[in-house]
Amino acid sequence: MVIPLGSFIDALGGQLHGASPSLAISRLAPLESADAQCLSFLNNTKYQSQLASTQAACVIVAPAMQALALSRSGGGACIVTDEPYLYFARATQLFKRHQHQPQGPRIHPSAVIEDAAQIHDTAVIGALCVIERGARVGAGSVLKARVTLGEGCSIGQRCMVHSGVVIGADGFGFAARPASDAAGAGWEKIEQLGAVRIGDDVEIGANTCIDRGALDDTVIEDGVKLDNLVQIGHNVRVGAHTAMAGCVGVAGSATIGAHCTVGGGAVVLGHLALADGVHISAASVVTRSILKPGHYSGLFPIDDNASWEKNAATLKQLHSLRERIKDLEKRPERTKPT
Amino acid sequence: MVIPLGSFIDALGGQLHGASPSLAISRLAPLESADAQCLSFLNNTKYQSQLASTQAACVIVAPAMQALALSRSGGGACIVTDEPYLYFARATQLFKRHQHQPQGPRIHPSAVIEDAAQIHDTAVIGALCVIERGARVGAGSVLKARVTLGEGCSIGQRCMVHSGVVIGADGFGFAARPASDAAGAGWEKIEQLGAVRIGDDVEIGANTCIDRGALDDTVIEDGVKLDNLVQIGHNVRVGAHTAMAGCVGVAGSATIGAHCTVGGGAVVLGHLALADGVHISAASVVTRSILKPGHYSGLFPIDDNASWEKNAATLKQLHSLRERIKDLEKRPERTKPT
Amino acid sequence: MVIPLGSFIDALGGQLHGASPSLAISRLAPLESADAQCLSFLNNTKYQSQLASTQAACVIVAPAMQALALSRSGGGACIVTDEPYLYFARATQLFKRHQHQPQGPRIHPSAVIEDAAQIHDTAVIGALCVIERGARVGAGSVLKARVTLGEGCSIGQRCMVHSGVVIGADGFGFAARPASDAAGAGWEKIEQLGAVRIGDDVEIGANTCIDRGALDDTVIEDGVKLDNLVQIGHNVRVGAHTAMAGCVGVAGSATIGAHCTVGGGAVVLGHLALADGVHISAASVVTRSILKPGHYSGLFPIDDNASWEKNAATLKQLHSLRERIKDLEKRPERTKPT
């Protein structure tokens, strides 16, 4: 499969310099591994040196990089656009569309579709999916193999749900049963009577779980992107265009704003609110509501084990060290040595 | 579907005040979103102000809140009980039973049941489950869609296993093979010859994994509740009525007591013991055995990123700061200023 | 099933002392729970006291422990080998081979195998697996039930892939779309055009996910062992014989060396490099490349909750405490008390 450079310009805009629109591109590649059949891109000016030495046939660049792109020693072309990385993203989509895509059945015969499920004519349901009673899948959405969509849960339009995802399992709700109760001490199940509602243009990574609400619904708004192995508890609301990396856990009834990002392995405790535009670093634990947009972090810095052991041990005395500093500060100070 | 208030009293006890037993309830709802068709509950006195303003037809309250519940401006009824939250839990169960529940096949025809599996007549096996050779499922237990129950593993009575769960995959056991070995340096598999035994009234969340034991069995005792994406290593024992929130990891051969709670994302290292009644905060890492009941924590507090960076950088010098404080304390102290 | 001691010697080497090769062994067991039908092992000299009191028929020991093993009060035999734990691992394999193993179909009839998938004649594909178009499985590899192997992805020889694994879901790649774009602010998908290549002798735990690469492939080298619920991002490379415990997350484009170990729940951020022989403690977060072999850690020590609260609160002032120590150190010091 080859795509002439002109097809990118026709489909995605941008200005082509230094090569004919008929020049054939066979792959997309990073600057350092690109060869003369490749289209590449420069997104970050700190990789300028790679631009100078790349073997790529053509490089997607911002206007400020045009001169440098055209002056490379090996020669070569560039496509100039204000948003090179966005242009690259759309170029990957163009390549994907050009790949040979044999059409399987719209609903794979091995999928289990229960009564009263509503699947749009243009939605695709992969092999061995389970779509429970009353669930709904909107136009253009794709469920890859082995997805569970629980009873009464809904997915909007143009969503992509990867293999192994479970939408609509019961939220984790139990009331403590005292020893005085006839059934004895233990946990009494709170039946989860809500569902999950997922908006449009949402992508959900492999083996991620989104629980149904206890009374009301769990809600994932339009444009949300969740990576693999993410856990979304019951009655959580995730605001539009928020993205969460792998292994994030969001506990029940948390409300996450729009256009937030949550780094891999981070945890958001239950019943908290995050404002729009909050960015949480990887592996940080959100223990209080964050009402102001910004970048928040909380993770123990890694160190060689011996140093870590010494510092971690001292950490257990930190409060008392502060008291000792206070005591030292209270000592009378001489204004000059005697 | 509507349920008259009297049906709750008949099934669950409590005293109804301020309304006729024939008053019809159509939903359960939190105080703040309840309307005149709703039954609601007050579990925590800090939400008293919501009680005063709720539109709920009836509110489940403790005896001390009865007067307040009946004096609300909009009028309204209450059900008085010593354990409002437990009563609410049982009310969700009543609603669940009243919902239209079309009966599918007891063992879904798409499930794969291997030879010599023993499934009780009253157990339910969902779509696309795999029940391997010699596995057992007890009376009244429900496996939702796409569960794997491994060879020789057993589940007790009245358990609920959510979609995507894997019970009885191999534990993670390897012996290091030195370079001098004929097979070269690497890892030699320790075959996992044990199984998993799960007691009664256990609930297991979506995509959670419980590994089979190496020589003996991995054991989950009665009444344990595990949330989604939890990892239980080989030969772990989880004591009765212990609950673990999402994304918890318990490494091999750990022994967790009864009536413990483990917060989301926490990690328990291998070969440790936790006493009964130990409560671990979310995202904390248990690195030593805990022999005394209580509440234990260890997580880095979140902060704005700039403050975190400064404190985290200083943390790497913490031990040396302690030494500097010691040195300062050794300095001779004047008893009074000159 | 019983195995005479001599069969272990014949198959695995070692010297048998104190018993006849015809003595029948029915189980493997740890020293403390072994009975007179058991073969056990002593790997760590700190368990010497268990050796003295074990009821095991025979114990696998290093040469230095031979005398102690033979002098036990109850009598008993030993197998002497330089690597007792490795010998034990191979003994588990011998037991596994002796167990009754009814042969199911090589490719389970419920598995979905798409066109142009290449499955070696000796590979085993479990129930309800999905092998997508163009995927390849090498000789002797076993996919347990409910595994997804994505389009164009490959698995080498003698691999073991546990239930629920997803290989070849899309990597998490999106370009930010500014509000000025015709489609509005949000995330534009970067199609993931690479695949996943897995070497020989790799084991992958239940519900683990390995994403396909964006442009190039994600690569798992020979002999790698991944536990359950591990997340491997796109374009990651994991070096030969590296082992990762449960719930580890490795973000995109990280390069992990050979013979590394990563403890449970640890996180490796994207685009980092770890040298060969790097060992990361459980729950630590790797935020920078580590170019030197060694043992690295970074986790907050657990404490009783009240102590943790005091220390964690003080941690937010740590940088200012350092400044206060500096100020104290600048105070003039008397050389001797007045």
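In S22(C), the residue standing opposite Val166(C) is Cys209(C). Strand S22 (residues 209-211) and S17(C) pair in the parallel sense over 3 bridges. A quick word on terms: helices (H or I, at least four residues) and strands (E, at least two) are DSSP runs, numbered from the N terminus. Two strands pair if DSSP finds at least two bridges between them. In general, strands of a sheet pair through backbone hydrogen bonds, either parallel or antiparallel.

Before going on, keep in mind that this is a predicted model, where local features need pLDDT of at least 70, side-chain atom pairs count only at pLDDT 80 or more, and totals for chains, interfaces and linings use all residues. Residues are numbered from 1 along each chain as its sequence is written, while chains are lettered from A and ligands numbered from 1 in the order in which they are written.

Back to strand S17 (residues 166-169) of chain C: strand S14 (residues 148-149) of chain C also pairs with S17(C) in the parallel sense, this time over 2 bridges. Here Leu149(C) has Ile167(C) opposite it in S17(C). Now step back and look at the whole sheet. What is the order of its strands? Following chain C, the order is S8-S11-S14-S17-S22-S25-S28-S31-S34, an open sheet of 9 strands with parallel pairing. Strand S8 (112-113) and strand S34 (285-286) of chain C are the edge strands, and each pairs on one side only. Over at the S34(C) edge, strand S31 (residues 267-268) of chain C pairs with S34(C) in the parallel sense over 2 bridges, and Val268(C) stands opposite Val286(C).

Next, try a sheet that borrows a strand from another chain. This one is open too, with 10 strands in the order S10(B)-S13(B)-S16(B)-S21(B)-S24(B)-S27(B)-S30(B)-S33(B)-S35(B)-S36(C), and its pairing is mixed. Why is one side of strand S10 (124-125) of chain B and of S36 of chain C left without a neighbour in the sheet? Both stand at the edges, each with a single partner strand, so there is no neighbour on one side. Within the sheet, strand S21 (residues 203-204) and strand S24 (residues 225-226) of chain B pair in the parallel sense over 2 bridges, with Lys225(B) in S24(B) as the bridge partner of Glu203(B). At the chain crossing, strand S35 (residues 294-297) of chain B and S36(C) run antiparallel and are joined by 2 bridges. One partnership there puts Tyr296(B) with Asp304(C).

That brings us to the place where chains B and C touch. Altogether, 60 residues of chain C are in contact with 59 residues of chain B (in contact means that the C-beta atoms, placed from the backbone, lie within 7 Å). On the chain C side, the elements that give two or more residues are helix H4 (84-98), strand S36 (303-304), helix H5 (305-315) and helix H6 (318-330). H4(C) gives the most, with 9 residues. Sorted by class, this side has 29 nonpolar, 17 polar and 14 charged residues. For the classes, Ala, Val, Leu, Ile, Met, Phe, Trp, Tyr, Cys and Pro count as nonpolar, Asp, Glu, Lys and Arg as charged, and the others, Gly among them, as polar.

Chains B and A meet as well, with 60 residues from chain B and 60 residues from chain A. On the chain B side, H4(B) gives the largest share, 9 residues. There is strand pairing here too: strand S35 (residues 294-297) of chain A is joined to S36(B) by 2 bridges, running antiparallel, and Ser297(A) stands opposite Asp303(B).

Helices also meet between chains B and C. Leu321(B), Arg324(B), Ile325(B) and Leu328(B) in H6(B) meet Arg322(C), Ile325(C), Leu328(C) and Glu329(C) in H6(C). By class, that contact has 5 nonpolar, no polar and 3 charged residues.

Let's finish with a single residue, Leu12(C), in helix H1 (residues 5-12) of chain C. Is Leu12(C) buried or partly exposed? Leu12(C) is partly exposed, because 18 other C-beta atoms lie within 10 Å (20 or more would be buried, 12 or fewer exposed, and in between is partly exposed, with C-beta atoms placed from the backbone). Leaving aside neighbours within four places in sequence, Leu12(C) is in contact with Tyr87(C), Arg90(C), Ala91(C) and Leu94(C).

Note on methods:
Contact = placed C-beta atoms within 7 Å.
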